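This briefing is meant for a reader meeting the structure for the first time. It begins with the overall layout and then turns to particular places along the chain.

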Amino acid sequence: MKDENATSHEEEVKRAQDRFEQFKQSASVLGEDARKLLFTEARSQNGWLDRPVTEEVLKEIYALAKMGATSMNGSPAHFAFINSEEGKERLRPTILPFNLEKVMTAPVVAVIAYDEEFYQNLEKLFPHSPGADSLFKNDQDLAQITAFRNGTLQGAYFMLAARAVGLDCGPMSGFDNTAVDKEFFSGTSLKSNFLCCLGYGDPKKIFGRFPRLEFNEACTLI
Ligand SMILES: Cc1cc2nc3c(=O)[nH]c(=O)nc-3n(C[C@H](O)[C@H](O)[C@H](O)COP(=O)(O)O)c2cc1C
């Protein structure tokens, strides 16, 4: 007799394969407008229009960002949305002076953090490999670097997701990580990575565009 669990796993894989195949048959690449929105015309923000960011939009961003790939599907990122005046005041002393105005005037500031004990969720997130958590539980250095690497990737997915739903981002590392961790994540396994101010950017506060490295400067063909 066939193992019932094995059968349902096989069915699940087949469903996923069919779904992807069907999707690829009708999928098209992003057009010029979408590329502009996500990459070529999107800018890092220094000031904000007086337009609120709703909780619904934050949920929309997360619904997209969570789908980005992470190793072993570990999903270590945690997004702490600071959208109250009280929250902002708690954040204020942790921000370096040159970033203070941008942060305090942003409708929402997301603390992009990562969970050093992300492996506690692997049973749910990577269910076909029971015991995968022991790999990290027994090696804190591996857990830390894996959490940081994948949490950073998720931070990038997050920014693209925010742009995809029409928001602008002001990412920043000019703050005191230790102070943020103490203020917001004390007694948890969460660590801050970077901040991402969210809102509708004020075009009048945009800086000149800096150059990027050319293909030959940043890429090699091996
Ligand atoms: C992780 C990260 C940290 C950053 N830290 C700061 C910061 O502390 N203060 C600031 O004004 N800009 C900060 N920036 C913004 C960058 O300077 C900006 O993204 C870069 O110059 C490119 O600008 P552009 O996106 O408008 O082309 C940061 C960006 C990233 C992604």
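Helices here are DSSP runs of H or I with at least four residues, strands are runs of E with at least two, and both are numbered from the N terminus. The model is predicted, and by that reckoning its chain holds 10 helices and four strands. Ser75, to take one residue, falls in the loop between α3 and β1.

**Overall layout**

- Read from the N terminus, the elements follow one another in the order α-α-α-β-α-α-β-α-α-α-β-α-β-α.
- The C-alpha trace of the chain extends over about 70 × 45 × 40 Å when taken along its principal axes.
- The chain has 222 residues, and 26% of them count as buried.
- When contacts between residues at least 6 apart in sequence are considered, 84% of these contacts in the chain join residues that are at least 24 apart.

**Surroundings of the ligand**

- The ligand is surrounded by Arg43, Ser44, Asn99, Pro171, Met172, Ser173, Gly174, Phe194, Arg209 and Phe210.
- Sorted by class, the shell around the ligand comprises four nonpolar, four polar and two charged residues.

**Packing of α3 against α8**

- Two packed helices are described by the angle between their axes and by the distance between those axes.
- Helix α3, which covers residues 55–65, packs with helix α8, which covers residues 140–164, at an angle of about 130°, and their axes are 8 Å apart.
- An angle of this kind makes α3 oblique to α8, and the crossing in which α3 passes α8 is right-handed.
- On the side of α3 the contact is made by Ile61, Leu64 and Ala65, while α8 contributes Gln154, Tyr157, Phe158, Ala161, Ala162 and Ala164.
- By class, this contact of α3 with α8 consists of eight nonpolar residues and one polar residue, with no charged residues.

**Two further residues of helix α3**

- Val57 has its place in helix α3, and it counts as partly exposed because 17 C-beta neighbours lie inside 10 Å.
- Leaving aside residues up to four places away in sequence, Val57 touches Val165 and Leu167.
- Val57 and Phe136 are 79 residues apart along the chain, and their C-alpha atoms are separated by 34 Å.
- Tyr62 also lies in helix α3, and with 17 C-beta neighbours inside 10 Å Tyr62 is likewise counted as partly exposed.
- From Tyr62 to Met72 there are 10 residues in sequence and 19 Å in space, taken from C-alpha to C-alpha.

**The loops on either side of α3**

- Arg51 is found in the loop between α2, residues 32–40, and α3, and Arg51 is exposed, since 9 other C-beta atoms lie within 10 Å.
- Although Arg51 and Tyr200 are 149 residues apart along the chain, their C-alpha atoms are separated by 6.7 Å.
- Met72 is placed in the loop between α3 and β1, the latter being residues 77–82, and Met72 counts as partly exposed, with 17 C-beta neighbours inside 10 Å.
- Ser75, in that loop between α3 and β1, is buried, because 23 other C-beta atoms lie within 10 Å and the cut-off for a buried residue is 20 or more.

**Backbone angles in the loop between α3 and β1**

- Most residues other than glycine have a negative phi.
- Met72, a residue other than glycine, has a positive phi, with a value near 55°.
- Ser75, again a residue other than glycine, has a positive phi as well, in this case near 45°.

Notes. Residues are numbered from 1 along each chain as its sequence is written. This is a predicted model: local features need pLDDT of at least 70, side-chain atom pairs count only at pLDDT 80 or more; totals for chains, interfaces and linings use all residues. A residue is near a molecule or strand if its C-beta atom, placed from the backbone, lies within 6 Å of it. Ala, Val, Leu, Ile, Met, Phe, Trp, Tyr, Cys and Pro count as nonpolar, Asp, Glu, Lys and Arg as charged, and the others, Gly among them, as polar. Axes are lines fitted to C-alpha atoms, for helices over the stretch in contact, and angles run from 0 to 180 degrees between N-to-C directions. Angles under 35 degrees count as roughly parallel, over 145 as roughly antiparallel, 65 to 115 as roughly perpendicular and the rest as oblique. A crossing is left-handed if the near helix is turned anticlockwise from the far one by less than a right angle, and right-handed if clockwise. Two residues are in contact if their C-beta atoms, placed from the backbone, lie within 7 Å. A residue is buried if 20 or more other C-beta atoms lie within 10 Å of its own, exposed if 12 or fewer, and partly exposed in between; C-beta atoms are placed from the backbone.
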